Amino acid sequence: VATNEYRCSYEYLRQNLPTDKQSWFVITEGETQCLDETSKYGFQLILPPPENVEEEPPSNKLMVHFAGGGACFTYATCFGTFWGNVVHTKVKPQTGGYFNYNLAENPLVSGAWTTIALSFCTGDMHVGNAEVELDNGFPWPFHYRKTAKFSGYNNTMSVMNWIKEQKEFEKGKVEVAVAGSSAGSLGVQVWSKYLHDHLGASKIQ
């Protein structure tokens with residue numbers, strides 16, 4: 001857990017990754033949360049295998065990925081119906097595709113990229129900053145109201161602040177690529193200027 005007193009540095013996480021693991025999940029404290037408030041917000045830090053790293057410490061390549069998971073604006077889309085949820089309301093670790101560092105010919109592995117995957121659990125494309133009362137529109141006794149706390153902005157900033165605190169990711173000294181999937185790809189577009197200006201991102205897609 002990254003707190004104001006203990007920031008859970010990249011150096012510590014890199015040096016203490018268990019040999020049978022590929023990644024850490026870092027919980028960022030502060031005004032961060034998911035639509036499902038039982039799920040702690042955080043990000044996934046995936047480290048390249050030591051044998052693929054030429055530098056010590058590895059500090060020259062960083063992939064920042066904005067996860068997808070749907071967008072919502074009504075009670076049914078944010079909190080679900082009898083048939084389930086439309087959006088991700090809890091954190092879901094990334095394990096497939098190029099997040100799988102055991103995958104043969106994964107370019108992030110062969111290129112010794114560190115990956116930071118921003119979780120998505122707010123239905124707001126990583127940019128929301130509002131509390132909205134939502135009503136399911138059903139008559140009693142099936143009528144429900146619930147507050148949707150769209151915290152995508154605070155969640156994203158908690159990760160951006162952590163990145164900027166790490167000496168290994170100092171702007172101008174690291175190659176930064178940014179990508180997103182589904183709703184996360186829209187978040188990348190909204191955050192693109194910030195990512196360029198503050199992280200020095202040179203590849204944004």
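Let me start with Met-125, which at 29% relative accessibility counts as partly exposed, and which sits in the loop between E4 and E5. What draws my attention to Met-125 is its backbone, since this residue has a positive phi of about 60° although it is not a glycine. As background, most residues other than glycine have a negative phi. Please keep in mind throughout that we are looking at a predicted model.

Ala-112 belongs in the same part of the talk, because it too is not a glycine and yet has a positive phi, here of about 55°. Ala-112 is placed in the loop between helix H3, residues 107-110, and E4, and at 10% relative accessibility it counts as buried.

Both of those loops adjoin E4, so let me turn to that strand, with the cut-off for buried being under 20% relative accessible area. Strand E4 covers residues 114-118 and is mostly covered, with five of its five residues buried. In a regular strand the side chains alternate between the two faces of the sheet. In E4, Thr-114, Ile-116 and Leu-118 point one way, while Thr-115 and Ala-117 point the other way, and all of them are buried.

Which strands pair with E4, and in what sense? Strand E2, residues 42-46, pairs with E4 in the antiparallel sense over four bridges, and within that pairing Phe-43 has Leu-118 of E4 as its bridge partner. Strand E3, residues 61-66, runs parallel to E4 and is joined to it by five bridges, with Val-64 having Ile-116 of E4 as its bridge partner.

Stepping back to the chain as a whole, there are five helices and eight strands, and read along the sequence they follow the pattern α-β-β-β-α-α-β-β-β-α-β-α-β. Of the 205 residues, 46% count as buried. If we take contacts between residues at least 6 apart in sequence, 72% of them join residues at least 24 apart. The chain exposes about 11000 Å², and carbon and sulfur atoms supply 53% of that area.

On the surface, Phe-138, Phe-142 and Tyr-144 form a nonpolar patch, with about 330 Å² of accessible area together. Phe-142 lies in the loop between strand E5, residues 130-135, and strand E6, residues 145-150, and with a relative accessible area of 47% it is partly exposed.

My last topic is charge pairing, and the structure holds eight salt bridges. One of them is between Lys-167 and Glu-11, where the closest N and O atoms are 3.0 Å apart. That pair links distant parts of the chain, 156 residues apart, with Lys-167 in the loop between helix H4, residues 152-165, and strand E7, residues 175-180, and Glu-11 in helix H1, residues 10-15. Lys-167 counts as exposed at 57% relative accessibility, whereas Glu-11 counts as partly exposed at 33%. Lys-167 also forms a salt bridge with Glu-168, with the closest N and O atoms 3.4 Å apart, and Glu-168 is buried, at a relative accessible area of 6%.

Another salt bridge joins the side chains of Lys-193 and Asp-197, at 2.5 Å from N to O. Both residues lie in helix H5, residues 183-199, four residues apart, or about one turn of the helix. Lys-193 counts as exposed at 60% relative accessibility, while Asp-197 counts as partly exposed at 30%. Returning to the earlier group, salt bridges that share partners join Glu-11, Lys-167 and Glu-168 into one network.

Conventions. Residues numbered from 1 in each chain as written. Predicted model: local features only at pLDDT ≥ 70, side-chain atom pairs only at ≥ 80, totals over all residues. Heavy atoms only, no water. Buried < 20%, exposed > 50% of the residue type's maximum accessible area, 1.4 Å probe, protein only. Helix = DSSP H or I, 4+ residues; strand = E, 2+ residues; numbered from the N terminus. Pairing = 2+ DSSP bridges. Patch = residues over 30% accessible without salt bridge, like charges linked within 9 Å, V, L, I, M, F, W, Y side chains within 5 Å. Areas by Shrake-Rupley, 256 points an atom, 1.4 Å probe, with all protein chains shown as cover. Salt bridge = Lys/Arg side-chain N within 4 Å of Asp/Glu carboxyl O. Contact = heavy atoms within 4.5 Å.
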